Amino acid sequence: RLKQLGSGVEMEEEIRGTGGSIAWADERTLFYVKLDAQHRPFEVWRHVIGTAQAEDVRVFEEPDELFNVDCWTSRDASLLFIESE
C-alpha cells in the first residue's frame, strides 16, 4: 500500500506482487520490481499513482533465473538504473 507521508493516511491504492524495490521518478510515477513464482525479483514496472495496476507498463524483464533485478533513480531523478546480477 501507498501512504501519504504528510498526513500519515494510507491510500486505497495497492500494488501487489512487488519485491520491495521502489524508485520514484516524480510525484506521480514510480518504478517497482515484481517477483516471479519462485519469489525472484525479475521485472521492473512503471506505475502512475491513481491508475489501476493492470495499466502498469513493464520496462524490463530478466529471463535468466540465475539473476535478480533491482532498480533505483539518480539523486535528481533524471535517470532510472536497473541492475541485474
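**View 1. Val59 sits in strand 6, and this view looks at the nonpolar patch that Val59 helps to make.** The model is predicted, so local features need pLDDT of at least 70, side-chain atom pairs count only at pLDDT 80 or more, and totals for chains, interfaces and linings use all residues. Residues are numbered from 1 along each chain as its sequence is written, and side-chain values use heavy atoms, with hydrogens and water left out. Strands are DSSP runs of E with at least two residues, numbered from the N terminus. With a relative accessible area of 36%, Val59 is partly exposed; that label lies between buried (under 20%) and exposed (over 50%), using a 1.4 Å probe and protein chains only. Val57, Val59, Leu80 and Ile82 together make a nonpolar surface patch of about 250 Å². Strand 6 and strand 8 (80–84) are the elements that give two or more residues to this patch. Patch residues have over 30% relative accessible area and no salt bridge; nonpolar side chains (Val, Leu, Ile, Met, Phe, Trp, Tyr) are joined within 5 Å, and like charges within 9 Å. The areas come from the Shrake-Rupley method with a 1.4 Å probe, and for residues only the protein chains shown count as cover.

**View 2. Strand 5 pairs with strand 4 and with strand 6.** Find strand 5 at residues 41–48: six of its eight residues are buried, so the strand is largely enclosed by the rest of the structure. Strand 4 (residues 29–35) pairs with strand 5 in the antiparallel sense over seven bridges, and a pair of strands needs at least two DSSP bridges between them. Here Lys34 stands opposite Glu43 of strand 5. Strand 6 (residues 57–61) is also antiparallel to strand 5, with four bridges. Look for Trp45, whose bridge partner in strand 6 is Arg58. As you trace the strands, remember that in a regular strand the side chains alternate between the two faces of the sheet.

**View 3. A hairpin turn carries His39.** Five residues lie between strand 4 and strand 5 in this hairpin, and His39 in the turn has a positive phi of about 65 degrees. His39 belongs to the loop between the two strands and counts as exposed, at 63% relative accessibility. If you also pick out Ile82, the two C-alpha atoms are 18 Å apart in space, while the residues are 43 apart in sequence. Back around the turn, Arg40 forms a salt bridge with Asp36, with 3.0 Å between the closest N and O atoms. Both of these residues are buried.

**View 4. Glu43, Arg58 and Glu61 form a network of salt bridges.** Side chains of opposite charge can pair when their charged atoms come close. A salt bridge here is a side-chain nitrogen of Lys or Arg within 4 Å of a carboxyl oxygen of Asp or Glu; by this rule the count comes to four. Glu43 and Arg58 are one such pair, their closest N and O atoms being 3.0 Å apart. Glu43 lies in strand 5 and Arg58 in strand 6, so the pair ties together parts 15 residues apart in sequence. Glu43 is buried at 7% relative accessible area, whereas Arg58 is partly exposed at 43%.

**View 5. Glu14 and Arg16 meet in a salt bridge.** The distance is 3.4 Å from N to O. Glu14 is partly exposed, at 34% relative accessible area, and Arg16 is exposed, at 57%.
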